[in-house]
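Trainee: I would like to take a close look at one part of this model, and then follow how its surroundings are put together.

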Amino acid sequence: MKQKLILFLISASLFIYSCKTTEQPAETPDDPVVEEPTVTEPGDEYTEYEYEESDEIDIDEIIANMTLDEKIGQLFVVPAYGTFSNDRAPAIQRLERLVTNYHIGGIIFFRGDVYAQAVLNNRLQSISELPLWITQDMEFGAAMRVSGTTRFTPAMGIAATGNPDNAYLKGLITAREADALGVHQVFAPVLDVNNNPENPVINVRSYSADPQMVSDYALRFMEGVESVGVMATGKHFPGHGDTDTDSHLALPTINHTYERLEQIELVPFRSAVDGGIRSIMSAHIAFPNISANIGLPGTLDESILNSILVDTLGFDGLIVTDGLEMRGIADHYSPGEAVIMALLAGADVMLISPDEMTAINELKRAVESGRVTEERIEKSVRKILQLKKEHGIFEHRFSDVENLSSLINTPEYQATANRIARESITVLKNEGDVLPIREKDFQNIVVVAVSDGDGHSSESVLQQEMRRYHSGVRFHALNNRTTSTEINQLIRDSQRADLIVIGSFIMVRSHHPMQIPDRQLDVLKQLMEMNQPKVLTAFGNPYVVGDLPETDVHILAWASTADQVRQTIPSLFGASPVGGRFPGEVPGLYSIGDGLDIEQSTVRFDLPEASGMITDSLLHIDMIMQKAINDSVFPGGVVGVMKNGALVWQRGYGYHDYTKTRRVQATDVFDLASITKIMSTTTAIMKLADDGQISIDDPVAKYIEEFDTDDKRKITIRHFLLHTSGLPAFQIYVDVLRTRSEILNAVRNEPLENRPGERYVYSDLGFILLGEIVEAVSGKRVDQFVRDEIFEPMGLHSTWFNPEQAGPRVSNRILPTEIDTVYNRGTVHRRVHDERAYFMDGIAGHAGLFSSLQDISKYAYMLLNGGNYGGEQYLSPEIIDYFTGHRSSINHRGLGFDRKSEGFSSAGTLTGGNTFGHLGFTGTSLWVDPDEDIAIILLTNRTYPNRSYGSDIRFIRAAISDAVMNSIAK
């Protein structure tokens, strides 16, 4: 080959690379957000990628000037690992030798990380005369091979979502990340129809047991990949789905007739070829009933590749062998013989020869002997070089390392992957309505992580996530290392549990069985004999449900990755909706399309992008809070944002006090002050009204005899809720009165300042009496009533009056509110800040409630969800709408609830006109905008060390509200 042409190409490529990485960094896309497709028919919006093909690259001239060695080398794609290696590492030196001395055409990258792979790619490209064709397995997204990229649910989980557009998005994001890494071809989608549950190698890698479903989803994935300019690869022709032998270990045989293959196995391949797929990978499987070459693997069989794929299906693209190192080939054919036979059968690219140098030498000898013609080799080389030209890699062969951090695993990409993972969750059985799991029904849960090895990396994630949603979890691992003592403890704990949750990490892996091992299964059978309900969640192989058919709940989660576990656990607790449908079959148990629907009914913990918010914008909250802390508005606080049913922001800022020795955590507990009025007292009134025990137009005198006077007889519960009763805002009382009975007596007999309904005066006194009305009607003090009816069944474990009675689990997380020198209370800590509530035993209708950000988010969700939480109806939607709406002709308020006012509002300028909530004197606020389905929570101790501090809190509230609303993606 003429060195002049090659040197020109190298120089041009290196010049472009140096400009790209130093002087002219590649621009990031204007809009990195992945838009959800709105098409109704697969392929409606798909347009073929327009390649920037250079007219200066003459493929015929290149081939004419190539030596036979250079042509042969182009056929080979060799493996590399994208991990750091020293320049003098033997593996690196061998790779470089293959590139420079053996002229190999491409690389398949195995496991690695983002930067190491990109750097190694650039290094190998820089020493190669012709640009290298870079390939990679990316069935589950780029993260299948490259850590730090975006991982997706396997193909069967994608099909379980019921939305082929999810396959498109998966392909799109996978290809974007592949392109950023310098990868030109991804070995996906899998076109195999998994109609054999015993298949040890395909399993969840297949979209379905239904050939049409495989076709639909694979085609959308391909369109997503190709829209970026990366090449997709359909595999494994003519079908690897109906076998119980792993071709990594041996040569499978499928005895079906051609007519049967036409009905099932070939359907997705025909669809892909008709849809324009540009590359197909062969299968190492023998098909004796459709081949003239009995016992020959499809990869080496001209009857399979040339006759069926090329002639019958009309495929004219790039044919890639499956890995030639697999034992289905390597145990029966020498490295050279395998390559020669694959080439003669119709394959173009020789993937992962177990001995490339030997194979190259043997192929050259075959040409010299006349067994293989040079024209046959040139036919494949022309395809390969033409693809390199079409993809523009003669001019742009290098990865833009400097910009990888803005192109890989963006928050939008991860949010899309997480959403798809949640939508994939499939509940096949839910006997006894165990799901959603409610803590009031199952106070003690035993979680068992079952694996077929020495443990699984996601076991700890399962434990952590279960405990995020339930406070009574005991965890056990059951694997090959579990001792008899540990098994005995597992049995004992299970006997005492209310519910047993089994997480199956039985994986589908080459060289491994796919059933629960006998030892672990024996232990699980003992659990099956217990009376408690059992939940089986299959993280990975979905067919393990057949090993434990008697469990009450069967959940399919498709993969055992940490992300998949995180997206699965919320569905157990009603924190994400369930609607997946099984794309496969478990004989005797489940069929294609089986699955149950469960609505979301609790708060999910998630990322901002999951609810259409932007993390970068929400980070402005950090600056607002830090400035407030620097200005001594408060020592510390927390901010929470719940949108669309997900708590997407929960952060702690500053310290418990100005000694700055204990940092605020997002889980800390705060004195809510007047938020007590809505979370406790108003909610109790709503509950009693819902149940028909009171009417808000009842006269107060019906319950408090002191109001049966001429001037007070017309005062109703409505007047108290609207602060229009005529009572004064407050009276000190506690300068003289120090007992509950004394204070209550004084409030009952407090003279009016205005006639009822005449004037709005925000009054604590009316709410003190509302608390007494709750007790008069229910027979319980307001604290006990809301604990029994609302807080405890909803799982608000950090929400208490007199929180010290809850024990150190709650009380140790409380911030102090003041150093009181007026009433000699000293440091007010773990006791209510409000003086009247303090001397009323800590329990009053206007103040006294303590809570955490997470608990308040649950309360807000219940209001936004029409009064339903965890599948239980606490309040009717009608009563919520009535109480939170505008209900006064003389003020802007609702019944009990404050509403956003005109002019300046601590709810900010961007929340809607229907926003409702309340403020608290200690520096707390809750604002709920029902039109945006959002709740904004601010909890601080701005009254510490003295209530004269924190006068700017109203501006902080407004600034945070605006920062939150500005963070909603438009």
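Trainee: Is tyrosine 861 buried or exposed, and what is its relative accessible area?

Mentor: Tyrosine 861 is buried, with a relative accessible area of 7% (buried means under 20%, exposed over 50% and partly exposed in between, with a 1.4 Å probe and protein chains only). The model is predicted, so local features need pLDDT of at least 70 and side-chain atom pairs pLDDT 80 or more, while totals for chains, interfaces and linings use all residues. Residues are numbered from 1 along each chain as its sequence is written, and side-chain values use heavy atoms, without hydrogens or water.

Tyrosine 861 pairs with tyrosine 869 edge-to-face, at 5.8 Å centre to centre and with 80° between the planes (Phe, Tyr or six-membered Trp rings pair with centres within 6.5 Å; planes under 30 degrees apart are stacked, over 60 edge-to-face, the rest tilted). Tyrosine 869 counts as buried as well, at 6% relative accessibility. Theirs is one of 14 aromatic pairs in the structure, and elsewhere Tyr469, Phe573 and Phe605 make up one aromatic cluster.

Another tyrosine, 838, has the charged end of arginine 825 over its ring, 4.6 Å from the ring centre, and the charged end of arginine 831 also sits over that ring, 4.6 Å from its centre (NZ of Lys or CZ of Arg within 6 Å of the centre and within 35 degrees of the normal).

Turning to the interior, the largest nonpolar core has 122 residues, and those with the most contacts inside it are Phe76, Ile107, Phe237, Leu363 and Ile377 (a core joins buried Ala, Val, Leu, Ile, Met, Phe, Trp, Tyr and Cys through side-chain atoms within 4.5 Å). Helix 7, residues 164-181, supplies the largest share of this core, nine residues. Apart from this core lies another of 118 residues, among them Val553, Ile675, Phe801 and Tyr838. Leaving out residues up to four places away in sequence, isoleucine 377 touches residues including Leu68, Ile72, Leu363 and Val372 (heavy atoms within 4.5 Å).

A polar residue offers a further example: asparagine 121, in helix 5 (residues 114-127), is buried with a relative accessible area of 0%. Setting aside neighbours within four places in sequence, asparagine 121 is in contact with Phe109, Ile134, Leu181, Gly182, Arg397 and Ser399.

Strand 11 (residues 445-451) has seven of its seven residues buried, so the strand is largely enclosed by the rest of the structure (strands, E of at least two residues, and helices, H or I of at least four, are DSSP runs numbered from the N terminus). Ile445, Val447, Ala449 and Ser451 point one way from strand 11, and Val446, Val448 and Val450 point the other way. Strand 11 runs parallel to strand 13 (residues 499-505), joined by seven bridges (pairing needs at least two DSSP bridges), and valine 448 stands opposite isoleucine 502 there. Strand 12 (residues 473-478) also runs parallel to strand 11, with six bridges, and its phenylalanine 475 is the bridge partner of valine 447.

Finally, in helix 23 (residues 620-630) the buried residues are Ile621, Asp622, Ile624, Met625, Ala628 and Ile629. The face turned away from this buried side of helix 23 carries the exposed residues Met623, Lys627 and Asn630. Cover for the buried residues of helix 23 comes from elements including strand 17 (636-643), strand 18 (646-654) and helix 33 (953-966).
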